[in-house]
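User: I want to go through the pockets of this model. Please give reasons along with values.

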Amino acid sequence: MVDPKLEEVIQFERTRPDVHGDAHPKKLLRAIVEEGNHLAKLSEQHIFSSDQFDRATLLQLFRLAAKYEANPGRFSTSLNGQILISAFYEPSTRTRLSFESAWHRLGGDIMSITDRSTTGIAKGESLRDVAEMFNNYGDCVVLRDSNEESVREMMAALRIPIINAGNGTDEHPTQALADLYTIFKWRPDLVTNEPGEKLKLCLVGLPAKMRTVRSLLKLMCHFPDVFSKITIVNDKQKNEMFAHGQLAQLEQAGLQIDAANDLYEVLPEADVVYINAIAWEGNAYKQYGKRYHLNAQSPLKSDAIVLHPLARSVELCTSLDDTPHNWYFSQARGAVFLRMALLTCLVKRAERVLDVI
Ligand code: CP
């Protein structure tokens, strides 16, 4: 007989609360009418910045992601014969593994580089020349590099698509896609002709420095009808929170942007709380707004959801993990399906999965 103490630690449950199930992606799938033509242009583009998306393309991407999430076992051969080059020169749990999981789940093959010193870059090879070689070896590249310019340099020589998976403090567009996908999965009514109440979003972070926040705000510019107010919470003055031109872009898009230093003043009215505390700068991460913490006792609205791009530190207490506020795990899980959708479009395989119920 197995020792009861051992039995206790080795047992696990495969089922989790509903946010991890397929009810929400099914609702989102039904809420958006398929117009696959909006996805066609993605097969001619690198994925560099959130600025390159429009509302119609975003909604169709979310629809395809929801289709994948609602039917996870049905599309296992869509990327047969395709090779992904996964190049991550900065630490990553979610982005690298979810891209690789997405590609594997669609039946593709992967070559992975996690240390640039194992490539010709260590011998002084230029990124342009590396990119020229990648053209011959794979069908799509995913790059994370702390150097903001690396992805641009490679784009100039690539004839296959490359995805910016985080370039310094600049952008992380696929994280932002996953973030917005999560919000619409939670509230699919917001993309229908009969939307419910608009959302008040509390964003704890520093838009000027955080690539996840920067990319997410850019995507939100397409949905001023969804967000009634976005309040940025940080310990800085409003003019220090934003990079040059950032606030103007948001306001021109019709978003109402407020700034606050007191988190607990903003929390009670927020429908969505997005929190992040780190930015990757140079070769290390830096923490911002260390005094802002969320836990199960924080004055959240009873039906508010909490999002976090992760990795977390003390700002997001594990006491929230087992509460209905926890949508950050669903956010991380959904990123696989969102990336499946994007990858399918980039390598011209969307026609294989559109119109498939
Ligand atoms: N969200 C995100 O970029 O996480 P990783 O650094 O683990 O990829």
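Analyst: One point on terms before we start: domain bounds come from an automatic or database domain assignment. The model is predicted.

User: What makes the largest pocket lie between domain 1 and domain 2?

Analyst: Its lining. Domain 1 (26-171 + 334-351) gives residues to it, and domain 2 (173-333) does too, so the largest pocket lies between them.

User: Which residues of that lining lie nearest the centre?

Analyst: The largest pocket is lined by 23 residues. Arg144, Arg211, Ile278, Leu310 and Ala311 lie nearest its centre. Two or more lining residues come from each of helix H5 (94-105), helix H9 (211-220) and strand S9 (278-281). S9 gives the most, with 3 residues. The volume is about 390 Å³.

User: How do you know which class the lining residues of the largest pocket belong to?

Analyst: By residue type. Arg counts as charged, while Ile, Leu and Ala count as nonpolar. The full lining has 9 nonpolar, 9 polar and 5 charged residues.

User: What makes up the lining of the second largest pocket?

Analyst: The second largest pocket holds about 190 Å³ of space. It is lined by 13 residues, with Ile113, Thr119, Val130, Phe134 and Tyr137 closest to its centre. Strand S2 (109-113) and helix H6 (127-137) each give two or more residues to this lining. H6 has the largest share, 4 residues.

User: How many residues of each class line the second largest pocket?

Analyst: There are 8 nonpolar, 4 polar and 1 charged. Tyr counts as nonpolar here, as do Ile, Val and Phe.

Note on methods: Residues numbered from 1 in each chain as written. Predicted model: local features only at pLDDT ≥ 70, side-chain atom pairs only at ≥ 80, totals over all residues. Heavy atoms only, no water. 1 Å grid on protein atoms, 1.4 Å probe; cavity = no way out; pocket = protein on both sides within 12 Å on 5 of 7 lines; lining within 4 Å. Points joined across faces, edges and corners; volume = space filled by probe spheres on them.
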